[in-house]
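Here is a short guided tour for anyone who would like to get to know this protein at the level of helices and side chains. Please keep the structure open as you read.

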Amino acid sequence: MLDGIDYWEELRESPSQMEICVAIFANVLELDEQGEPVNEKYAERRAATYLYTYCTGKLPPGELAIESWECRLY
């Protein structure tokens, strides 16, 4: 999803965006009874969706907008 997007340059200029990506990943991630992640690829995709939207100003094709609870910082 992020191929061809120079997101590292964007993150260097605005490190708080990296904090939001980490928050999205952590908020979306689900763990089973043993504490093992069950949806890490989905959590990763949601964080990448945010980053794509931040860098390009539009949603990636087929992705839903990031919801407020996903990027909430605790």
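Does T53 count as buried, partly exposed or exposed, judging by its relative accessibility? At 26% relative accessibility, T53 is partly exposed. Please bear in mind that the model is predicted.

## Around T53

T53 has its place in helix α3. If we set aside neighbours within four places in sequence, the residues in contact with T53 are K58, L59 and P60. You can also look from T53 to I66: the two are 13 residues apart in sequence, and their C-alpha atoms are 9.2 Å apart in space.

## The overall picture

Stepping back, the protein has 3 helices and 0 strands. Read from the N terminus, its elements run α-α-α. The C-alpha trace spans about 40 × 25 × 20 Å along its principal axes.

Of the 74 residues in the protein, 30% are buried. Among contacts with a separation of 6 or more, 49% are between residues 24 or more positions apart. On the outside, the protein exposes about 5200 Å², and 53% of that comes from carbon and sulfur atoms.

## Helix α2 and its buried face

Helix α2 covers residues 16–28. Its 13 residues, at 1.5 Å a residue, should span 18 Å, and the end C-alpha atoms are indeed 18 Å apart, so expectation and model agree.

Which residues of α2 are buried? They are Q17, I20, C21, A23, I24 and V28. Looking down the axis of α2, you would find these buried residues within an arc of 160 degrees, so they line one face of the helix. The packing partners of the buried residues of α2 are α1 (7–13) and α3.

## Helix α3

Helix α3 runs over residues 40–56. The same check on length works here: 17 residues at 1.5 Å each should give 24 Å, and the end C-alpha atoms of α3 are 24 Å apart, which agrees.

The buried residues in α3 are A43, R46, A47, A48, T49, Y50, L51 and Y52. They pack against α1 and α2. Just after the helix comes G57, with a positive phi near 80 degrees.

## A pair of tyrosines

The structure holds 1 aromatic pair. Its members are Y50 and Y54, and with ring centres 6.4 Å apart and planes at 20 degrees, the pair counts as stacked because planes under 30 degrees apart fall in that class.

Where do Y50 and Y54 lie? Both are in helix α3, 4 residues apart, which is about one turn of the helix. As a general point, an α-helix has 3.6 residues a turn, so residues three or four places apart point the same way. Y50 is buried, with a relative accessible area of 15%, whereas Y54 is partly exposed at 33% relative accessibility.

## Two cysteines without a bond

How many disulfides are there? The count comes to 0. C21 takes part in no disulfide, and the nearest cysteine sulfur, in C55, is 8.3 Å away. As a reminder, a disulfide is a covalent bond between the sulfur atoms of two cysteines. Seen from C55, the closest cysteine sulfur is that of C21, and at 8.3 Å it is too far for a bond, because a disulfide needs the sulfur atoms within 2.5 Å.

The surroundings of the two can be compared as well. C21 is buried, with a relative accessible area of 9%, while C55 is partly exposed, at 21%.

## R72, beyond the last helix

R72 lies in the segment after α3. At 40% relative accessibility, R72 is partly exposed. Which residues does R72 contact, leaving aside its neighbours within four places in sequence? The answer is A23 and N27. Of these, A23 is also one of the buried residues of α2.

For a view across the chain, compare R72 with D3: the two are 69 residues apart along the chain, and their C-alpha atoms are separated by 26 Å.

Note on methods: Residues numbered from 1 in each chain as written. Predicted model: local features only at pLDDT ≥ 70, side-chain atom pairs only at ≥ 80, totals over all residues. Heavy atoms only, no water. Phe/Tyr/Trp six-rings, centres within 6.5 Å; stacked < 30°, edge-to-face > 60°. Helix = DSSP H or I, 4+ residues; strand = E, 2+ residues; numbered from the N terminus. Buried < 20%, exposed > 50% of the residue type's maximum accessible area, 1.4 Å probe, protein only. Expected span 1.5 Å × (residues − 1). Arc of directions from axis to C-beta. Contact = heavy atoms within 4.5 Å. Areas by Shrake-Rupley, 256 points an atom, 1.4 Å probe, with all protein chains shown as cover.
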